[in-house]
Amino acid sequence: FPFPYTPYLIQERFMEALYGALEAGRVGIFESPTGTGKSLSLICGALSWLRDFEEKKQQEEARLLALEEHDQEGKKKEQLPSAELGHPESKGTAGELDWVTAFVQKKEERDMVDRLKEEQNRRKKREERLEKIRHNVQLKYAAKRKRLEEDETKRLLQLSKEVLSEGTGSDVVEQLDHNEEELILAEYESDEEKKGVPGLEDGDDLEEEHVTKIYYCSRTHSQLSQFVREVQKSPFGKDTRLVSLGSRQSLCVNEEVRRLGALQLINDRCMEMQKNKHEKKSDEEMERKKRRASRAVCPFYSYEQMQFLRDEVLVEVKDIEQLVALGRETKACPYYGSRYAIPAAQLVVLPYQMLLHEPTRSAAGIKLKDQVVIIDEAHNLIDTITCIHSAEVSGSQLCCAHSQLLQYMERYRKRLKAKNLMYIKQILYLLERFVAMLGGNVNQNPNCQALSQTGTVLKSINDFLFQSQIDNINLFKVQRYCEKSLISRKLFGFVERYGGPATAVKTNKENQKLAGLQNFLLTLQQGSDKEGDPPVETESDQLRTASPLMQIEGFLSALTNANQDGRVILNRQGTVGQSSLKFLLLNPAVHFAKVVEECRAVIIAGGTMQPVADFREQLLSCAGVDPARVVEFSCGHVIPPENILPIILCSGPSNQQLEFTYQTRDLPQMMDETGRILCNLCNVVPGGVVCFFPSYEYEKQVYAHWEKTGLLTRLATKKKIFQEPKKANQVEQVLVEYAKCIKRCNQAGGQMTGALLLSVVGGKMSEGINFSDELGRCVIMVGMPYPNIKSPELQEKMTWLDRTMPRAAGQAPSSVLIENLCMKAVNQSIGRAIRHQKDFASILLLDHRYARPAIFNKLPQWIRERTQVKPAFGSAFAELRKVRTFIFCTC
């Protein structure tokens, strides 16, 4: 395997196992701890396989073409005499069947040869085009000069239009009519009645077939950018055709659209601008539609420029930031330009939400048939699929959407076509019934409607549909209508223009004209300020970044799942406004099944994948994957054994048994014992100590108790104490201060030896944060962070598992689920410490239950094989003092 440096032995084994899984078409679960070069191993192993696969394919194609040419030459030499064609023995049923079979077989062979020749021609043209762009600098300058000339022409045309339009008040009235026209829904026709608007959304963007490719997915854009940088540094960096995909929110370069903020608004506005572009020619035929031609079209949605951007993307590996910069420079849309590059790309990098959601996958032009999918950072894959396909709407959102839509319909009733009115009335009825299921009325203020009965009720999808009396409505058609008509976007524009429900109802015609005039003048003012600083977004602007109908569309879509795969949760709290309807997906495998069915191979990878039973049973087995197709690979760490000291501590300094159950953890003696353990550790462990608690509430309770008993003051003499904030925007500041304090203590010496960070399992710092080197010389886990089994969602999931899954090793599937959720959280948290080959740290698990075989075996292998179980605190403390000596010797 080509590699940028001499690989570790575990990296070689990882790449060999990966290559084998891809070659055999397996579904692989791969675990490689952080710091072992997992990304590079994935890149070099997978791209080595792809290189060899393409070479074999081309060799096979060349062999078949050579055979065909040989056969053609042979036929010319062996022409049969014409008399033999009429030989009596050639007649008869058997002879006729043989002749037909031979003819069909020859036709199939000719068709295959034709396809191969066509594919070769396409490949040759593509390589020649990319090679020309790669080496011809003049071509790039010519394209850039042409863009500048076009921009200048557009600017002059705009100036001439402004000069011609200056003057009369009638122009203002005409503009008002144009603005009003934008809010009217276009005539709706279903897919049975017409073909969709031509464009990328319908998939006719591909000029060539999809080559065999690898789809690499990860959780966040920052992780994807980091992966692309690793590709750039790898031996495959110069030869791989890579494209990075993302949402419009990440890739849009149209500042007017970006300012909308909310993803759904950006999506709707983008699609509306495309529709305006496609409708422009037909609009010029009729006076009424001429107005629509004046609606905004995106200047970046240019086919020619997006083709140029596509080639630039394929020529050189670029991450999302570089792609956006290129889009701005070339005046081409990176969102659609990157999608043009998918067919010819060898490596497609994208967030796994985009790949796991079938409508998004289809809209992006992603075809999984016979391709390879690698899902990295997949430890929470099941939760991700569940979240993507679950949806929740509040009573306030339902009532607000009903009020807005009703006023929209009343205002434009005479101008809407019959089908639009029919679907709007259906949506209004759905909203009315949803609010009725919560015990309220859509015609009253949701925050003033107190509920007589409160609590949580779970229903199957069918029961919910029947009891809410909406079983006679085709939700698939309503969902399709919402998607195609852009009604949520129109409704948002209506509310934004007229200022909300009350204003829209009460304004008379004069007030409406005045409001419209003020709006028009405001747009002129904003237009004149375009060159200045962007306006500061106020709190009220942020609150109305999305229409409630957008959220409700997601709930309607969720209700189209199969009855057995989900539940509807009615959460009635105090008032209708505080109550909510939530769809909970129980079986994520139904949405993952198509991925594993279509793909040649699927690799699920992560730094900590233990326990893997969830992936095998809940995801792969339920998706219909043959157990023989599933392979597992787990490797150790590259650090020496002496660089990590994992200890399971069963009792504290005063011999108090450590068992942090819900019944015992609140006892004063348990909190005191935890404090004494920390005091002793802070005396001997230099640098940073990170202590994880099961929840924010428990961390707050323990902190208050220590403050009251004076233990916090004793701790603060050795380590400065930091607490994990609940707000995400404060995390960075806390981490910076934590790191500064440790660095300052290391340089100054003295009594204070570093810092203590009190964190929460499942919080902002338990995943994605690196406590490497001095930032995490010791990681402590207080208790076992079992999930709240009183949660209705979790209880329903447990019931569903017990009903559908077999018992494993005498344990009920629901019990296994609870243990697995706990240990996944533990493994993620304790994995924050060791981040590279020369790092070292100690890990303390404070609870005797960790020593139980069922729990102990769910620790990562590289930690499990080095873990010591200490019944008493004295022996554990002695081991930690040895580590301190080792640290100082190393320093």
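Colleague: Is Thr36 buried or exposed?
Modeller: This is a predicted model, where local features need pLDDT of at least 70 and side-chain atom pairs count only at pLDDT 80 or more, while totals for chains, interfaces and linings use all residues. Residues are numbered from 1 along each chain as its sequence is written, and side-chain values use heavy atoms, leaving out hydrogens and water. Buried means under 20% relative accessible area, exposed over 50% and partly exposed in between, with a 1.4 Å probe and protein chains only. The relative accessible area of Thr36 is 0%, so Thr36 is buried.

Colleague: Which residues does Thr36 touch, and where does Thr36 sit?
Modeller: Thr36 lies in the loop between strand E1 (27–31) and helix H2 (38–77); helices (H or I, at least four residues) and strands (E, at least two) are DSSP runs, numbered from the N terminus. Thr36 and Gln11 are 25 residues apart in sequence, with 7.5 Å between their C-alpha atoms. Leaving out residues up to four places away in sequence, and taking contact as heavy atoms within 4.5 Å, Thr36 touches Tyr8, Ile10, Gln11, Gly636, His637 and Val638.

Colleague: In the whole protein, what share of contacts between residues at least 6 apart joins residues at least 24 apart?
Modeller: Let's set the scene: the protein has 36 helices and 18 strands. Of its 891 residues, 49% are buried. Among contacts between residues at least 6 apart in sequence, the share joining residues at least 24 apart is 82%.

Colleague: How many residues of helix H21 are buried?
Modeller: Helix H21 covers residues 487–498, and its end C-alpha atoms are 16 Å apart, which agrees with the expected 16 Å (1.5 Å times one less than the number of residues). Its buried residues include Phe492, Phe494 and Tyr498. H21 is largely enclosed by the rest of the structure, because the buried count among its twelve residues is eleven.

Colleague: Which residue follows helix H29?
Modeller: Helix H29 (residues 696–709) has 14 residues and reaches 20 Å from its first C-alpha to its last, close to the 20 Å expected. Its buried residues are Tyr696, Tyr698, Glu699, Val702, His705 and Trp706, and they pack against several elements, among them helix H28 (668–684) and strand E13 (687–693). After H29 comes a residue with a positive phi, near 90°: Gly710.

Colleague: How many disulfides are there?
Modeller: A disulfide is a pair of cysteine sulfur atoms within 2.5 Å. By this rule, the count is zero.

Colleague: How far from Cys682 is the nearest cysteine sulfur?
Modeller: Cys682 is buried, with a relative accessible area of 1%. Cys682 is in no disulfide, and the nearest cysteine sulfur, that of Cys679, lies at a distance of 6.9 Å.

Colleague: What is the volume of the largest cavity?
Modeller: A cavity is a set of points, on a 1 Å grid over the protein atoms alone, where a 1.4 Å probe fits but cannot get out. Grid points are joined across faces, edges and corners, and the volume is the space filled by probe spheres set on them. The whole structure holds eight cavities of 30 Å³ or more. The largest has a volume of about 140 Å³.

Colleague: Which element gives the most to the lining of the largest cavity?
Modeller: Lining residues have an atom within 4 Å of a point. Of the 15 that line the largest cavity, those closest to its centre are Cys252, Cys270, Cys298, Cys333 and Tyr336. Helix H9 (263–283) and helix H13 (334–340) each give two or more residues. With four residues, the element that gives the most is H9.

Terms used. On a 1 Å grid over the protein atoms alone, a cavity is a set of points where a 1.4 Å probe fits but cannot get out, and a pocket is an open set with protein on both sides within 12 Å along at least five of seven lines; lining residues have an atom within 4 Å of a point.
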